[in-house]
Amino acid sequence: GRVEGVAPCWTAGSDKPSPRWPMPVLAEMLRELPHAAVQGDPNLEITGLAYDSRLVRPGDLFVALPGFHVDGSRFIPGAVERGAVAVPPVGGLHSAA
């Protein structure tokens with residue numbers, strides 16, 4: 001079914017659209033993390049979330065997950081090159097801008 005106010009988008013490797021919800025600005029996300037510190041502009045508009053650096057789109061917040069074999073922080077530079085505007089490391093959120 002269709003969700004009102006949600007625009008469909010294509011997910012890599014899928015032949016079906018998936019919904020995208022409006023995302024808050026970074027400062028609104030930080031309200032839920034009272035001990036988080038930000039380096040950079042807290043008023044950045046976050047347009048999406050990604051945990052795979054190859055799928056980052058401009059405006060995304062990239063989550064560098066720790067892995068069993070590879071630490072996701074190795075992919076932060078590539079995510080920023082692809083347009084990630086924020087990266088939450090362990091202990092807080094940091095603006096990539």
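Here are some questions and answers about this predicted model.

User: What order do the helices and strands follow along the sequence?
Analyst: Happy to start there. The protein has two helices and six strands. Read from the start of the sequence, the pattern is β-β-α-β-β-α-β-β.

User: Where in the protein is confidence lowest, and where is it highest?
Analyst: Across the protein the mean pLDDT is 74, with 67% of the residues at 70 or more. Residues 1-13 stay under 50, and the model has 19 contacts beyond four places in sequence for them. Where pLDDT is low, the predicted coordinates should not be read in detail. By element, the lowest mean is 45, in strand S1 (residues 7-10), and the highest is 94, in helix H2 (residues 76-81).

User: Which helix gives the most to the largest nonpolar core?
Analyst: That core has eight residues: Leu-26, Met-29, Leu-30, Leu-44, Ile-46, Leu-61, Val-85 and Ala-86. Three of its residues come from one helix, the top contributor, which spans residues 26-30: helix H1.

User: How many residues are in the other core?
Analyst: This second core lies apart from the largest one. Its members include Ala-50, Phe-62, Ala-84 and Val-87. The number of residues in it is seven.

User: What share of the protein's residues is buried?
Analyst: A residue counts as buried when its relative accessible area is under 20%. The protein has 97 residues, and the buried share is 30%.

User: What part of the accessible surface belongs to carbon and sulfur atoms?
Analyst: A good one to ask alongside burial. The accessible surface of the protein comes to about 6800 Å². The part belonging to carbon and sulfur atoms is 58%.

User: Which residue forms a salt bridge with Asp-52?
Analyst: The structure holds one salt bridge. Side chains of opposite charge can pair when their charged atoms come close. Here the closest N and O atoms are 2.7 Å apart, and the partner of Asp-52 is Arg-54.

User: Is Arg-54 buried or exposed?
Analyst: The cut-off for exposed is over 50% relative accessible area. Arg-54 has 64% relative accessibility, so this residue counts as exposed.

User: Is Ser-53 buried or exposed, and why?
Analyst: Ser-53 is found in the loop between S3 and S4. Leaving aside neighbours within four places in sequence, Ser-53 is in contact with Phe-62, Phe-75, Ala-79 and Arg-82. The relative accessible area of Ser-53 is 8%, so Ser-53 is buried.

User: How far apart are the C-alpha atoms of Pro-58 and Ala-84?
Analyst: Pro-58 is found in the loop between strand S3 (48-50) and strand S4 (60-62), and counts as exposed because its relative accessibility is 63%. Beyond four places in sequence, Pro-58 is in contact with Thr-47, Arg-82 and Gly-83. Pro-58 and Ala-84 are 26 residues apart along the chain, yet their C-alpha atoms are separated by 5.7 Å.

User: Which residues does Gly-83 contact, leaving aside neighbours within four places in sequence?
Analyst: Gly-83 is found in the loop between H2 and strand S5 (86-87). Its C-alpha lies 9.4 Å from that of Phe-62, with the two residues 21 apart in sequence. The contacts of Gly-83 are Val-56, Arg-57, Pro-58, Gly-59 and Asp-60.

User: Among contacts between residues at least 6 apart in sequence, what share joins residues at least 24 apart?
Analyst: This question takes in the protein as a whole. Counting contacts between residues at least 6 apart, the share that joins residues at least 24 apart is 41%.

Conventions. Residues numbered from 1 in each chain as written. Predicted model: local features only at pLDDT ≥ 70, side-chain atom pairs only at ≥ 80, totals over all residues. Heavy atoms only, no water. Core = buried A, V, L, I, M, F, W, Y, C linked by side-chain atoms within 4.5 Å. Buried < 20%, exposed > 50% of the residue type's maximum accessible area, 1.4 Å probe, protein only. Helix = DSSP H or I, 4+ residues; strand = E, 2+ residues; numbered from the N terminus. Contact = heavy atoms within 4.5 Å. Areas by Shrake-Rupley, 256 points an atom, 1.4 Å probe, with all protein chains shown as cover. pLDDT = per-residue confidence, 0-100. Salt bridge = Lys/Arg side-chain N within 4 Å of Asp/Glu carboxyl O.
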